[in-house]
Amino acid sequence: RQAEEQACDWLTRQGLVLVERNSRFRGGEIDLVMRDKTSLVFVEMRYRSHITFGGAIESLTENKQARIKHAASCYLLRSYGAAHWPSCRFDVILIQAGKLSWIPGAF
């Protein structure tokens with residue numbers, strides 16, 4: 001939770017606006033939904049205190065990405081209906097060994 005708060009604060013300082021946190025849907029969850037000037041941004045937060053069992057980026061498997069995409073579709077249907085979806089992208093925030101990295105348009 002603390003890492004997610006750190007990521008949200010950092011993205012806000014970069015100019016993004018928080019829309020919603022922890023949007024849960026059957027089969028997936030979106031950590032942060034944010035908006036920048038042109039897009040709705042679905043943010044996945046990955047935190048690792050140690051890289052002993054692999055880094056934060058390695059934990060973002062294809063299966064995990066598919067669940068996030070599914071949750072994003074559910075969010076869009078709930079929020080916008082079947083038509084006129086805004087431009088969207090998927091960003092990833094990695095926090096490992098105390099360092100934050102932002103990957104816009106990660107997948």
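## Fold and overall shape

Helices and strands are taken here as DSSP runs, numbered from the N terminus, with at least four residues for a helix and at least two for a strand. On that basis the elements of the protein chain, in this predicted model, follow the order α-β-β-β-α-β-β from the N terminus on, which amounts to two helices and five strands. The radius of gyration is 14 Å, close to the 13 Å that the globule rule gives for 107 residues, so the protein chain is as compact as a globular protein of that length.

Taken along the principal axes, the box filled by the C-alpha atoms is roughly 45 × 30 × 20 Å. Among contacts with a separation of 6 or more, 50% join residues that are 24 or more positions apart.

## Burial, surface and charge

Buried residues make up 38% of the 107 residues of the protein chain. The area that the protein chain exposes is about 6300 Å², and carbon and sulfur atoms supply 52% of that area. As for charge, the protein chain carries 15 positive and 11 negative charges, and the mean positions of these two sets lie 2 Å apart.

## Nonpolar cores

The largest nonpolar core is made of 14 residues, and those with the most contacts inside this core are I30, V33, L40, F42, A72, Y75 and F90. Two or more residues each are given to this core by β2 (28–35), β3 (40–48), α2 (62–80) and β4 (88–96), with α2 providing the largest share, five residues. A second core, separate from this one, has twelve residues, A3, A7, V41 and I95 being among them.

The surroundings of F90 can be described residue by residue: leaving aside residues up to four places away in sequence, F90 touches F42, I68, K69 and A72, and also I103, P104, G105, A106 and F107.

## Backbone positions with positive phi

Most residues other than glycine have a negative phi. Against that background, N22, a residue other than glycine, has a positive phi near 45 degrees, and N22 is found within strand β1, which covers residues 17–25.

H84 is also a residue other than glycine with a positive phi, in this case near 65 degrees. The position of H84 is in the loop between α2 and β4. Is H84 buried or exposed? With a relative accessible area of 76%, and with the cut-off for exposed residues set at over 50%, H84 counts as exposed.

Methods
Residues are numbered from 1 along each chain as its sequence is written. This is a predicted model: local features need pLDDT of at least 70, side-chain atom pairs count only at pLDDT 80 or more; totals for chains, interfaces and linings use all residues. Side-chain values use heavy atoms; hydrogens and water are left out. The radius of gyration is taken over C-alpha atoms; the globule rule is 2.2 Å times the number of residues to the power 0.38. Buried means under 20% relative accessible area, exposed over 50%, partly exposed in between (1.4 Å probe, protein chains only). Contact means heavy atoms within 4.5 Å. Accessible areas come from the Shrake-Rupley method with a 1.4 Å probe; for residues, only the protein chains shown count as cover. Lys and Arg count as positive and Asp and Glu as negative; His and the chain ends are not counted. The place of a charge is taken as NZ of Lys, CZ of Arg, CG of Asp or CD of Glu. A nonpolar core is a set of buried Ala, Val, Leu, Ile, Met, Phe, Trp, Tyr and Cys residues joined through side-chain atoms within 4.5 Å.
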